[in-house]
Amino acid sequence: MALTPTDKKKITEAYQAAQQLQAASQFRKAVQAYRALLKDYPQVAEAHFQIARIQHAGSKFLEAKATVEQALKLRPTEESLWLLMADIVRDHGKPPAATVVSRARKAGLASDALARLERRFLQESKRGAVGMVPEESKPYLQRANKASAEGDDAAAIRFLNRALKKTPDAPEVRIRRADILLTMGDLDGALADAKLAVEGNPRVGHYWSVWARIKKIKADEPMLPMLEQQFEAAKAGSDDRRQMAFALAKAMEDTRADDRLFKYLNEANDLTAARFPHNSEGDDVQARNARESFSPALISLWKDKGPTDLTPIFVSGIPRSGTTLTEQIISSHPQVTAGGEMGLINKPLAKICERLAAGEDDAGADFADAGRNYVKAVDRLFPGKIMVTDKSIGTYNQLGHVPLALPKAKIIIVRRDPRDSCLALLKQRFNDGAHRYTYSMEWAAEFYKAFANQVAFWRKAAPDSFIEVNYEDIIADQEGQSRRLIEYCGLPWDEACLNFHENERKVKTLSSAQVRQPLYSSSVGAWKRYEGDLKPLLDALGPIEDLP
């Protein structure tokens with residue numbers, strides 16, 4: 001049943017009143033208020049969610065679980081509900097984590113959200129890793145992690161420096177500092193820390209993985225024999241062996257030992273795929289909802305109603321396709337602020353598309369609200385800035401909807417030769433559980449084709465919403481393509497865009513080391529070096545000329 005404006009007002013007022021009680025720690029009265037709201041409007045999943053949070057905090061695990069189940073009946077693909085379920089199950093001890101993840105996958109939860117759900121179950125073991133740190137350093141490491149999560153990397157480094165004064169040999173602290181220094185562009189400092197972490201405990205695969213990511217490895221690298229020795233000594237199927245395999249694959253690429261790269265890469269990806277199996281169903285549903293919810297009628301009803309006091313510049317494409325490079329070029333302009341992968345608009349738009357695809361026609365009214373919420377969030381992150389880049393990868397799913405929320409948005413889709421794109425995905429060591437399609441050649445090809453088909457749909461349905469740029473064109477004509485990007489963004493040309501590698505912004509993607517260097521062309525056509533090993537990928541992609 002569609003809600004009237006009066007209904008929406010009543011729901012908002014009742015919900016806010018209940019939240020005020022909850023914030024004042026009047027939990028019994030808050031639950032009563034939420035239940036009174038649900039009596040009149042049982043479809044308000046947020047009220048079930050808040051009740052469950054209160055029940056969970058009071059260790060009423062069975063009641064909390066039952067309440068979340070009620071909310072999930074209303075919002076089966078709502079990530080926050082599944083994360084709360086994970087917290088309840090983890091504290092209560094049942095059902096098994098695998099059961100919850102399996103249910104979420106069947107419900108259509110997107111792959112990136114599934115990865116976060118699995119990591120939620122692993123949080124306890126992650127805290128255990130902090131437990132391996134000497135007691136004197138624990139408070140500083142915890143404060144550093146909090147500061148980094150809040151975006152204050154300088155403060156995080158100060159806390160880690162204090163931790164290392166207490167315990168100079170703590171490898172967990174060193175590897176954490178290496179991670180943060182890398183995002184800040186201090187490659188030498190990051191490499192020094194990673195090297196000390198490896199030398200302090202060479203049996204830990206994660207340390208080798210970080211070291212290899214930072215270092216350009218040469219054939220005569222003195223630490224390479226140690227890495228190979230530790231790999232052979234590692235237990236078959238273990239996580240240490242898996243991560244060392246990723247490190248060795250990177251070393252084989254760097255040293256151009258092409259005949260040995262896939263020996264290690266296939267093992268690393270096979271072990272990862274076994275731990276984190278891929279299921280594209282949730283992503284397919286989201287893409288289909290976006291297509292089915294878009295129409296000329298939707299545009300005529302809801303265009304030009306969103307906020308116009310911000311010009312976000314969205315850079316999208318599949319990972320490792322040149323999106324970070326493109327953002328770096330644009331954000332080198334003095335009038336542009338780099339936002340990175342903010343991830344603020346895709347989820348709200350996906351929810352609106354889901355409702356529209358289900359026949360809830362008035363859901364389009366929420367586009368403007370989504371835009372206003374986006375502007376508020378960006379202003380909190382970058383006060384007073386009016387042009388901010390946003391490299392949220394998934395934006396390509398909703399290219400026609402973004403302008404309904406943000407009329408002044410600029411959207412750039414970055415393309416790359418699909419063979420090079422998929423090879424780069426296969427070689428990359430992503431966070432565990434993220435980008436699961438990268439662990440198999442067939443999965444990578446399936447993902448690329450889904451991306452290409454979605455962009456092809458928008459090319460016909462909303463051609464004026466975005467432009468496309470090819471990575472190979474940027475490499476071949478850096479100035480020409482850079483000028484084209486800056487002109488599209490409505491900006492005057494600035495020579496700083498040609499010196500993007502001198503941009504001192506922090507980069508938290510896996511391309512953080514590459515964008516600190518001038519352009520290089522060695523990755524163009526790289527797939528040819530491994531053509532024999534890539535046969536399953538090439539077969540799955542099919543004729544390149546047939547891809548849209």
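# Exercises: salt bridges, strands and helix pairs

E468 has a relative accessibility of 23%, and that makes this residue partly exposed. The model is predicted.

## Exercise 1. A bridge between two strands

Task: Find which residue forms a salt bridge with E468, and state which strands hold the two partners.

Solution.
- Step 1. Look for the partner. R415 and E468 form a salt bridge, with 3.2 Å between their closest N and O atoms.
- Step 2. Place both residues. R415 belongs to strand β4 (residues 410-415) and E468 to strand β5 (residues 467-470). The two residues are 53 residues apart, so the pair links distant parts of the chain.
- Step 3. Check the burial of R415. Its relative accessible area is 10%. The limit for buried is under 20%, so R415 is buried.
- Step 4. Turn to the networks. E78, E79, R116, K347 and K351 are joined into one network by salt bridges that share partners.

## Exercise 2. Two further salt bridges

Task: How many salt bridges does the structure hold, and what do the pairs R75 with E46 and E69 with K65 connect?

Solution.
- Step 1. Recall the principle. Opposite charges on side chains can pair when the charged atoms come close.
- Step 2. Take the total. There are 31 salt bridges in the structure.
- Step 3. Examine the R75 pair. The side chain of R75 meets that of E46 in a salt bridge, 3.4 Å from N to O. R75 sits in the loop between α4 (61-74) and α5 (79-92), while E46 sits in helix α3 (residues 45-57). The pair therefore ties together parts that are 29 residues apart in sequence.
- Step 4. Check exposure. R75 is partly exposed at 32% relative accessibility. E46 is partly exposed too, with a relative accessible area of 32%.
- Step 5. Examine the E69 pair. A salt bridge joins the side chains of E69 and K65, again with an N to O distance of 3.4 Å. Both residues lie in helix α4, four residues apart, so about one helical turn separates them. K65 is partly exposed, at a relative accessible area of 22%.

## Exercise 3. The sheet

Task: What is the strand order of the open sheet, and which strands are at its edges?

Solution.
- Step 1. Read the order. Five strands make up the open sheet, arranged β2-β3-β1-β4-β5, and their pairing is parallel.
- Step 2. Find the edges. β2 and β5 are the edge strands, as each pairs on one side only.
- Step 3. Test the β1 contact. Strand β1 (residues 311-316) runs parallel to β3, and four bridges join them. F314 faces D390 of β3.
- Step 4. Test the β2 contact. Strand β2 (residues 337-338) pairs with β3 in the parallel sense over two bridges. A338 has T389 in β3 as its bridge partner.
- Step 5. Sort the side chains of strand β3 (residues 387-390). M387 and T389 point one way, V388 and D390 the other way. All of these residues are buried.

## Exercise 4. Two helix pairs

Task: Which handedness does the crossing of α1 and α2 have, and which does that of α6 and α7 have?

Solution.
- Step 1. Choose the descriptors. A packed helix pair is described by the angle between the axes and the distance between the axes.
- Step 2. Apply them to helix α1 (residues 5-23) and helix α2 (residues 27-40). They pack at about 165°, and their axes are 7 Å apart. Angles over 145 degrees count as roughly antiparallel. α1 and α2 are therefore roughly antiparallel to each other. Their crossing is left-handed.
- Step 3. Apply them to helix α6 (residues 97-107) and helix α7 (residues 111-121). The packing angle is about 165°, with the axes 10 Å apart. So α6 is roughly antiparallel to α7. The crossing of α6 and α7 is right-handed.

## Exercise 5. Cysteines and a loop serine

Task: How many disulfides does a search of the whole structure find, and where is S295?

Solution.
- Step 1. Recall the bond. A disulfide covalently links the sulfur atoms of two cysteines.
- Step 2. Take the search result. The whole structure yields zero disulfides.
- Step 3. Check two cysteines for burial. C353 is buried, with a relative accessible area of 1%. C422 is buried, with a relative accessible area of 0%.
- Step 4. Locate S295. This residue is in the loop between α17 (281-292) and α18 (296-302). S295 is partly exposed, with a relative accessible area of 26%.
- Step 5. Relate S295 to N470. They are 175 residues apart along the chain, and 28 Å separates their C-alpha atoms.

Note on methods:
Residues are numbered from 1 along each chain as its sequence is written. This is a predicted model: local features need pLDDT of at least 70, side-chain atom pairs count only at pLDDT 80 or more; totals for chains, interfaces and linings use all residues. Side-chain values use heavy atoms; hydrogens and water are left out. A disulfide is a pair of cysteine sulfur atoms within 2.5 Å. Buried means under 20% relative accessible area, exposed over 50%, partly exposed in between (1.4 Å probe, protein chains only). A salt bridge is a side-chain nitrogen of Lys or Arg within 4 Å of a carboxyl oxygen of Asp or Glu. Two strands pair if DSSP finds at least two bridges between them. Axes are lines fitted to C-alpha atoms, for helices over the stretch in contact, and angles run from 0 to 180 degrees between N-to-C directions. Angles under 35 degrees count as roughly parallel, over 145 as roughly antiparallel, 65 to 115 as roughly perpendicular and the rest as oblique. A crossing is left-handed if the near helix is turned anticlockwise from the far one by less than a right angle, and right-handed if clockwise.
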